[in-house]
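Here's a quick tour of the fold you have in front of you. Keep the viewer open and follow along.

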Amino acid sequence: MQAEPARPADRVPAISPDSTRLRTFSTSRPPGLRCVGQIDLSTHDAWETALAELPGTPDIHLELSELTFIDTHGTLILMEATNQAAQGRRVVLHNPPETLVRILELFWPSLPTIEVDRA
């Protein structure tokens with residue numbers, strides 16, 4: 001008996017692990033994090049862990065120009081972490097994706113500790 005050839009509908013496209021993976025890098029000048037990738041259901045735990053390790057400096061900087069996506073829950077994790085970490089400190093979001101800016105404007109329109117820098 002000969003095996004049936006695979007039909008196109010049976011083929012599942014390969015998804016690169018890098019397409020949904022979040023990578024974070026500590027930065028010293030300015031102190032904070034550089035984020036690369038996406039923040040979604042599959043990366044919420046990694047995002048929460050990275051934010052828990054934010055430096056104890058007067059200003060916290062998050063370089064987000066390489067962040068391709070963040071969902072609403074990822075933004076909530078950011079807000080909770082920065083509210084806990086901020087305690088009189090300023091959190092600067094450098095070059096955030098437009099989705100993050102929209103979520104902030106919709107749900108948190110006036111946060112004194114968050115500054116968006118779209119340089």
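## The far side of α4

On the other side of α4 from its buried residues, R102, E105 and L106 are exposed; exposed means over 50% relative accessible area, buried under 20%, and partly exposed in between, with a 1.4 Å probe and protein chains only. This is a predicted model, in which local features need pLDDT of at least 70, side-chain atom pairs count only at pLDDT 80 or more, and totals for chains, interfaces and linings use all residues. Residues are numbered from 1 along each chain as its sequence is written, and side-chain values use heavy atoms, with hydrogens and water left out.

Now turn α4 (residues 98-107) around: L100, V101, I103 and L104 are buried. They sit on the same side of α4 because they cover an arc of only 165° around the axis, the arc being that of the directions from the helix axis to the C-beta atoms. As a reminder, an α-helix has 3.6 residues a turn, so residues three or four places apart point the same way.

## Overall layout

The protein has four helices and five strands, and along the sequence they follow the pattern α-β-β-α-β-α-β-α-β. Helices (H or I, at least four residues) and strands (E, at least two) are DSSP runs, numbered from the N terminus.

Of the 119 residues, 37% are buried. Take the contacts between residues at least 6 apart in sequence: 62% of them join residues at least 24 apart, where contact means heavy atoms within 4.5 Å.

## The sheet

The five strands make an open sheet with mixed pairing, in the order β1-β2-β3-β4-β5; two strands pair if DSSP finds at least two bridges between them. At the edges are β1 and β5 (114-117), each pairing on one side only. From one strand to the next, the twist averages 20°; axes are lines fitted to C-alpha atoms, for helices over the stretch in contact, and angles run from 0 to 180 degrees between N-to-C directions.

Zoom in on β1 (residues 22-28) and β2 (residues 31-39), which pair in the antiparallel sense over seven bridges. A hairpin of two residues joins β1 to β2. L22 stands opposite G37 in β2, while S26 has L33 of β2 as its bridge partner.

## Helices against the sheet

Helix α2 (residues 44-52) lies across β1, β2 and β3 (59-70), and runs at about 175° to β2. Helix α4 also packs on the sheet, touching β3, β4 (90-94) and β5, with its direction at about 115° to that of β3.
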